[in-house]
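User: Could you walk me through how to read a few features in a structure like this one? I'd like the general idea, then the case at hand.

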Amino acid sequence: MIQLFEHATVIDGAHILTADQATARGIDPAAARRNTLAHAILAAHNKGSDTQAPGSADAPGLRLRFDALASHDITYVGIIQTARASGLTEFPVPYALTNCHNSLCAVGGTINEDDHLFGLAAAQKYGGIFVPPHLAVIHQYVREMMAACGGMILGSDSHTRYGALGVMGIGEGGPELVKQLLGKTYDVPAPEVVGVWLEGTPAPGVGPQDVALAIIGAVFKNGFVKNKVMEFMGPGVANLSVEYRCGIDVMTTETACLSSIWQTDEKVRDYLALHQREKDYKRLAPQGPACYDGLIRVDLSAVQAMIALPFHPSNVWPIAELNRHAEEILKSVEEEARKQFGDAAARFKLTDKIRDGRLHADQGIIAGCAGGSFENISLAAAILDGKSVGNMAFSLSVYPASEPQALALLHNSSAARLMAAGAILKNAFCGPCFGAGDTPAHGALSLRHATRNFPNREGSKPANGQLAAVALMDARSIAATAANGGRLTAATELDWTEAGLRDVDLRYHFTPIIYERRVYNGFGAARPETPLIFGPNIADWPAMSPLPEHLILQIASVITDPVTTTDELIPSGETSSLRSNPVKLAEFTLSRKDPGYVARAKAMQALEQTRRANPADPGLLARVRAICAPCGMDEYIDGHAALADFGLGSTIFALRPGDGSAREQAASCQKVLGGWANLAVEYATKRYRSNLINWGMLPFVVDAELAGQLRVGDYLVIPRIRQAVSQARPNILAWLVHESEEGGQSRGEQIALTLRELTDDERQIILDGCLINFYNREQKR
């Protein structure tokens, strides 16, 4: 089904060659790196001096400018507030502000609509695009109205992927969009490029989510494409519709790749023409023999109907295999739940859902940028035509990805078929994707054609004794399961020769008037006199200080899970209602993973406030001397008789933090609470590490052996940290201080901290304390 080639591979037309085979044919692999689509697009958008191909040895970094930007209502207020504080006057490129994440989960009075009014006013003031609530999810709007072949789009959402339309999309935290709004660049090491060779044709009943999950299962855990570009090509591409391609492409985020790009063809031209944008089409294909740093070869005809079990999209199984070995496989999921959630998982029993030898689910969801397409929903409606989801616990909710798609589903009768079967049709909304809609019952199993099934992302709260589970599946198999009242059923089990399934009307009719009447498009027509509208929950960022000479950080949380998601660092769902109030949102940091974190961080923050008010405070001096005694730093304090050169704060340790969302709140909330650093063996994604840096936090890397030595309450003393950052030292010596549990002498040990791959600007951002300070300093010069 899927083969991985871990060596340099050359694609020459229909031939897949090793580097040696290519050389024997007279092809220079080094030169052929320049022929990839990724190289051509990155080179066209690079404002730096890089002349080497991605993946080349010693290739310098790229300094990229994007053609367009996109954000949703969890992130755009913070982005505009940051940019405004840093000197924003006008949006330099088209910038879409969509409202698809919190529009239906107002928690706390007027919070959501206040933010929407802020967004509309900002679009008027700075010349942006405002997409009102319920009209479209962020990525569907960009597909329909903004994607142009050969372009690059930066979005403040991790699933910013438009490769199937010939656009390299990158999802990053808000501060990276701020840089673009201020005319700066996105700086990144030249990425390696991995080819994805598609051949064959998917079997009836196998959908884009099945193909995507198969790829994720093959490459996530081994890091095969981490921070790389996935380039899709091969004869199998022509056998897929554009919506099918988009469904695969949007899930590439779950591989941990940086971006994606596909070859384009007449189907893409037709798609853009349908949306009145044929001029945005360009034929994209490798320019001659192209060399890739690795290859994923996918036989589409061998892909089975798949399911990703809790608690990660990479926990992938063929549905048929799960049905054969349900007891054994589900027990492993239960064991993982106990490891992650302890007592909260005591009554979590997926094996109890096996009845008559088959797993039964409690809920089905088809939604968002991955599942909510016209094609997916039309096929689900055909499967359910004349059938019923039943009147027991199982329910099915369907969210079309945009109002134009919803209207098309009315025209081809799919909406009527779904409603007659007992499915509930809802507005365009990302809620099920991030825990703000259709949260399942305690102990329930939800099957979703959505993007993620991370722990608690669906909205459950283990600290309150609540735990649910999400499995990812394709819309086709969810519909087949719904037709059987929730009994797990692969769509490949159906007879696709029946007329009802064979002759589904998949002719899509786009109705532009929906957007023409409601979307505000002010690009190029900024109205600077327009006042911004501030609701009572929209607050400015608190002041943040520059990096001090020395740091004393208490370890406020130690997380030893293999991967820590951004949803665990700052939960999504109803907490996102506070997205525009940094101080209030910070109260929820790590609340579902380590509920004691906030109190610990605040305790250190209070000490820092005491230090600033009175650096000679006797009680504080005595405490800091005791912490620093094992490091010899107490002598420095005695010599200065004050703490003016010190900074007190907190840090967290996680083995591999940052998988998942691009929301910068995963880092900024720690900073608001006085955090100065993260300790990690590895960062799961570039975007989380970038978020740390942009909020003035040190992204330290430590040896894996250190994990067993760290305890909550230990102190990290980092002498002369400002000097080390200023001098670009990659290796920094620090002290780990273990306080005696019985009031005796503290003991300390010297440890090594590593700061990898910081650009000059990134070092200065950390020195200044955050991106806002960095730009304010630039403005004053």
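Analyst: Here we go through a sheet, a helix, a loop residue and the cavities. Keep in mind that this is a predicted model.

User: Let's start with the sheet. What is the order of the strands in the open sheet of six?

Analyst: Read across from one edge to the other: β9-β8-β5-β6-β7-β25, and the pairing is mixed. Then look at the ends. The edge strands are β9 (168-171) and β25 (520-521); each has a single partner, so one side of each has no neighbour in the sheet.

User: Which helix packs on the sheet?

Analyst: Helix α4, residues 76-85, does, and it touches β5 (68-71), β6 (95-98) and β7 (129-131). The direction of α4 makes about 135° with that of β6.

User: How many bridges join β8 to β9, and how do the two strands run?

Analyst: Four bridges, and the strands run parallel; β8 covers residues 152-155. For a landmark, find Gly155, which stands opposite Gly171 in β9.

User: Now a helix. Is α14 largely enclosed or not, and why?

Analyst: Count its buried residues, taking buried as under 20% relative accessible area. For α14 (residues 374-384) the count is 11 of 11, so the helix is largely enclosed by the rest of the structure. The buried residues include Phe374, Glu375 and Asn376, and Leu384 is another one of them.

User: What follows α14?

Analyst: Gly386 follows, with a positive phi near 80°.

User: What about a loop residue, say Ala302: where does it sit?

Analyst: Ala302 is in the loop between β15 (294-299) and β16 (306-308). Its relative accessible area is 31%, so Ala302 counts as partly exposed. Check sequence against space too: Ala302 and Ile2 are 300 residues apart in sequence, while their C-alpha atoms are 8.6 Å apart.

User: And the cavities?

Analyst: The general idea is that rolling a probe the size of a water molecule over the atoms shows where empty space is left. In this model there are eight cavities of 30 Å³ or more, and the largest has a volume of about 190 Å³.

User: Which residues lie nearest the centre of the largest cavity?

Analyst: Those are His101, Asp157, His159, Cys433 and Arg457, out of 21 lining residues. By type, the lining divides into seven nonpolar, nine polar and five charged residues. Three helices, α6 (138-145), α13 (368-371) and α17 (431-434), each supply at least two residues of that lining.

Notes. Residues are numbered from 1 along each chain as its sequence is written. This is a predicted model: local features need pLDDT of at least 70, side-chain atom pairs count only at pLDDT 80 or more; totals for chains, interfaces and linings use all residues. Side-chain values use heavy atoms; hydrogens and water are left out. Buried means under 20% relative accessible area, exposed over 50%, partly exposed in between (1.4 Å probe, protein chains only). Two strands pair if DSSP finds at least two bridges between them. Contact means heavy atoms within 4.5 Å. Axes are lines fitted to C-alpha atoms, for helices over the stretch in contact, and angles run from 0 to 180 degrees between N-to-C directions. On a 1 Å grid over the protein atoms alone, a cavity is a set of points where a 1.4 Å probe fits but cannot get out, and a pocket is an open set with protein on both sides within 12 Å along at least five of seven lines; lining residues have an atom within 4 Å of a point. Grid points are joined across faces, edges and corners, and a volume is the space filled by probe spheres set on the points. Ala, Val, Leu, Ile, Met, Phe, Trp, Tyr, Cys and Pro count as nonpolar, Asp, Glu, Lys and Arg as charged, and the others, Gly among them, as polar.
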